[in-house]
Amino acid sequence: MKNPLLPYPVRIDDIKVETEDKSLKTFKFVFLNPEDEEKFSYRAGQFGELSIAGKGEIPIGIASSPTEKGFVKFTVFKAGLVTSHLHAMNVGDVMGIRGPLGNWYPWDILEGKNIVIIGGGFAFTTLRSSIVYMLHPDNRSKFKDINVIYGARTPGMLLYSDELKAWEARDDINMHITVDSANNDPNWKYNVGFVPTITEKKAPPADKDTYAIVCGPPIMIKFTQPVLDKLGYAHDHIIMSLENRMKCGIGMCGRCNIGKEFVCKDGPVFTLDQLNKMPREY
C-alpha cells in the first residue's frame, strides 16, 4: 500500500507567466515514472500537493484537464515560502506532486445539463480544467449550453489569455469576460464590472436543467450568491469549491474541518445546499 504522504517525482517541463505582475505562473509537469501518471488519474475539480524538498508542500487545484495526457498543470500564485521557491525554479528541475486529492465536480449529475461557470481571479484554475474537459470532442455533446463568466482586477491579471480568445471564437460556448477596471488598457473591448454584476446581466435564468459552478475569492462568492438567489437558482444547483480551506489533503492534520466535514476529504466541492447545513466558518 502506497504511503499517502509520499509524492510522485516530476520534472518541470514548461513554465508560463500568466499575469503582467508575474505573480501567477502555470507549471507543466511530466512524471519521471510513466506508471505514476496512471496512478495520478484525476477528475476536474480535484487538487494536488506540490512539494519541494526542504521547503514543504502546498495544496493547489489542478489546472489541466483529465483529457490532456502526458502532463499535469498547476497555476501557482507566489504568496509564501513554497510558492516563492517554486517561482524561482527552472525548466528541468525535479520536485514532487502528491495526489490526486479531494472530490470533484459531480459530472454524472452535470451531464445533459446547462452549465454556468462563474469564476474570479486565481481561483479560475480548476474551472479551466472543467472547461477544457467539457469542450473536448469526446465530451462536448454530453453538455447543453455552456456559459462562462470570468473576471479579474485588470486585463493584465486575466489567466489563460490565449485560451480565452480561442474559446471566444467558438460557437458552442458563451464567454463573458470582465475586469474591475480597464483604465490601463484603452483597447479593452469586453465587460467592465465586478463578477456578481456581470452574472446578474449575463447568466441564464434558473431552471431544473441549469447548474452553476462557482469558484473565486470569498468576497466574490459572498456577493454572487445573492445574485444567483435572485435569478432563482436552487441551492442544490449551485456548486462551490472551498479551495481556500484545503490543507494536508487526507484529513490528518485536522486543520480543514468545518463541523464534522473535512474539506480535504469530503470536499473541496460542495453544493450550497450542503454548505447551508454546515457551520458558517467557511
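**Two sheets and two cores**

Tutor: Let's start with one pair: glycine 120 has glycine 151 of strand 8 as its bridge partner. This is a predicted model, where local features need pLDDT of at least 70, side-chain atom pairs count only at pLDDT 80 or more, and totals for chains, interfaces and linings use all residues. Residues are numbered from 1 along each chain as its sequence is written, and side-chain values use heavy atoms, with hydrogens and water left out.

Student: How do you know that strand 7 and strand 8 pair, and in which sense?

Tutor: Two strands pair if DSSP finds at least two bridges between them. Strand 7 and strand 8 have 6 bridges, in the parallel sense, so they pass that test. Strand 7 (residues 114-120) is also joined to strand 11 (residues 210-215) over 6 bridges, again in the parallel sense. Isoleucine 115 has tyrosine 211 as its bridge partner there, and isoleucine 118 stands opposite valine 214.

Student: What makes something a strand or a helix, and how many of each are there?

Tutor: Both are DSSP runs numbered from the N terminus: helices are H or I with at least four residues, strands are E with at least two. By that count the protein has 9 helices and 15 strands.

Student: Which strands are the edge strands of the sheet with order 10-9-8-7-11-12-15, and what makes them so?

Tutor: They are strand 10 (191-192) and strand 15 (269-271), as each pairs on one side only. This open sheet of 7 strands has mixed pairing. Helix 5 (residues 161-168) packs on the sheet, touching strand 8 (146-152) and strand 9 (174-179). The direction of helix 5 makes about 140° with that of strand 9; such angles run from 0 to 180 degrees between N-to-C directions, with axes fitted to C-alpha atoms, for helices over the stretch in contact (heavy atoms within 4.5 Å).

Student: And what pairing does the sheet with order 4-3-6-1-2-5 have?

Tutor: That open sheet of 6 strands has antiparallel pairing. Its edge strands are strand 4 (56-61) and strand 5 (72-77).

Student: Why is strand 7 called mostly covered?

Tutor: Buried means under 20% relative accessible area, exposed over 50%, and partly exposed in between, with a 1.4 Å probe and protein chains only. In strand 7, 7 of its 7 residues are buried. Asn114, Val116, Ile118 and Gly120 point one way, while Ile115, Ile117 and Gly119 point the other way. Across the protein, buried residues make up 53% of the 282 residues.

Student: What makes a set of residues a nonpolar core?

Tutor: The members are buried Ala, Val, Leu, Ile, Met, Phe, Trp, Tyr and Cys residues joined through side-chain atoms within 4.5 Å. The largest has 38 residues, and Tyr105, Leu110, Ile117, Phe124, Val148 and Trp167 touch the most other members. Helix 4 gives the most to this core, with 7 residues. A second, separate core of 26 residues includes Ile118, Ile149, Ile221 and Leu275.

Student: Why is the protein called as compact as a globular protein of that length?

Tutor: The globule rule is 2.2 Å times the number of residues to the power 0.38, and the radius of gyration is taken over C-alpha atoms. For 282 residues the rule gives 19 Å, and the protein has 18 Å, which is close, so the description fits. The C-alpha atoms fill a box of roughly 50 × 45 × 35 Å, taken along the principal axes.
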